[in-house]
Amino acid sequence: MSEDNNIQKTDGIIDEQVKKLTRKDFIKTAALVGGGIVIAAGAVTTSRLLPPPKSPTGKETIVDIPDFETVKIDENSDILLRMQQELKKALAKPVEERKW
């Protein structure tokens with residue numbers, strides 16, 4: 001094979017020649033990696049300096065889950081249905097009044 005194709009044939013195995021890293025390519029790569037590190041560090045620092053968001057309280061924390069209208073829930077019902085009913089009761093209260 002010719003040298004123009006940048007391919008060498010050695011013992012029946014075709015290997016691509018390794019591209020030599022120039023100083024210009026090294027500096028470009030180092031600048032990109034360094035810039036990424038600076039941006040990531042800035043984002044982490046900014047997020048740590050900001051105060052955490054307030055936790056919602058009061059009536060805005062009440063969640064309404066729809067009931068099963070086709071299934072009657074009693075003490076002999078499936079455990080998952082009873083758990084869902086208990087969850088519905090708990091979520092009907094504000095966060096301050098919930099007990100887990």
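Analyst: Let's start with a term we will need: a helix here is a DSSP run of H or I with at least four residues, and helices are numbered from the N terminus. Isoleucine 27 has its place in one of these, helix α1, which covers residues 23-49. Please keep in mind that we are looking at a predicted model.

User: What makes up the secondary structure of the protein chain?

Analyst: There are two helices and two strands. Starting at the N terminus, their order is β-β-α-α.

User: In which element is confidence lowest, and in which is it highest?

Analyst: Strand β2, residues 13-16, has the lowest confidence with a mean of 54, while α1 has the highest at 95. Over the protein chain the average pLDDT is 79, and 81% of the residues score at least 70. A word of care: where pLDDT is low, the predicted coordinates should not be read in detail.

User: How do you know that the reach of helix α2 is close to what is expected?

Analyst: Helix α2 spans residues 79-91, which is 13 residues. The expected span is 1.5 Å times one less than the number of residues. For α2 that expectation is 18 Å, and the reach from first C-alpha to last is 18 Å, so the two agree well.

User: Why does lysine 88 count as buried?

Analyst: Lysine 88 is found in helix α2, and its relative accessibility is 17%. The cut-off for buried is under 20%, so at 17% lysine 88 qualifies. Buried residues of α2 also include Leu81, Ala90 and Leu91.

User: What does lysine 88 contact, leaving aside its neighbours within four places in sequence?

Analyst: Lysine 88 is in contact with Asp64, Ile65 and Asp67.

User: Why is isoleucine 62 called partly exposed?

Analyst: Isoleucine 62 sits in the loop between α1 and α2. Its relative accessible area is 38%. Buried needs under 20% and exposed needs over 50%, so 38% falls in between and isoleucine 62 is partly exposed. Beyond four places in sequence, isoleucine 62 contacts Leu91, Ala92, Lys93, Pro94 and Arg98.

User: Why does glycine 58 count as partly exposed?

Analyst: The loop between α1 and α2 also holds glycine 58. With 24% relative accessibility, glycine 58 is past the buried cut-off of under 20% but does not reach over 50%, so partly exposed is the right label. Its C-alpha is 8.9 Å from that of lysine 93, although 35 residues separate the two along the chain.

User: What makes proline 94 buried?

Analyst: Proline 94, in the segment after α2, has a relative accessible area of 15%. That is under 20%, so proline 94 is buried. Not counting residues up to four places away, proline 94 touches Gly58, Thr61 and Ile62.

User: How do you know that the contact between glycine 58 and Pro94 is a contact?

Analyst: The test is heavy atoms within 4.5 Å. Glycine 58 passes that test with Pro94 and also with Glu96.

User: What makes the nonpolar surface patch?

Analyst: Leu21, Phe26 and Ile27 make a patch of about 340 Å². To belong, a residue needs over 30% relative accessible area and no salt bridge, and nonpolar side chains are joined within 5 Å.

User: How much of the protein chain counts as buried?

Analyst: Of its 100 residues, 9% count as buried. The chain exposes about 9500 Å², with carbon and sulfur atoms supplying 59%.

Technical notes:
Residues are numbered from 1 along each chain as its sequence is written. This is a predicted model: local features need pLDDT of at least 70, side-chain atom pairs count only at pLDDT 80 or more; totals for chains, interfaces and linings use all residues. Side-chain values use heavy atoms; hydrogens and water are left out. Buried means under 20% relative accessible area, exposed over 50%, partly exposed in between (1.4 Å probe, protein chains only). Accessible areas come from the Shrake-Rupley method with a 1.4 Å probe; for residues, only the protein chains shown count as cover. Patches are made of residues with over 30% relative accessible area and no salt bridge: like charges are joined within 9 Å, nonpolar side chains (Val, Leu, Ile, Met, Phe, Trp, Tyr) within 5 Å. A salt bridge is a side-chain nitrogen of Lys or Arg within 4 Å of a carboxyl oxygen of Asp or Glu. pLDDT is the predictor's confidence in each residue, from 0 to 100.
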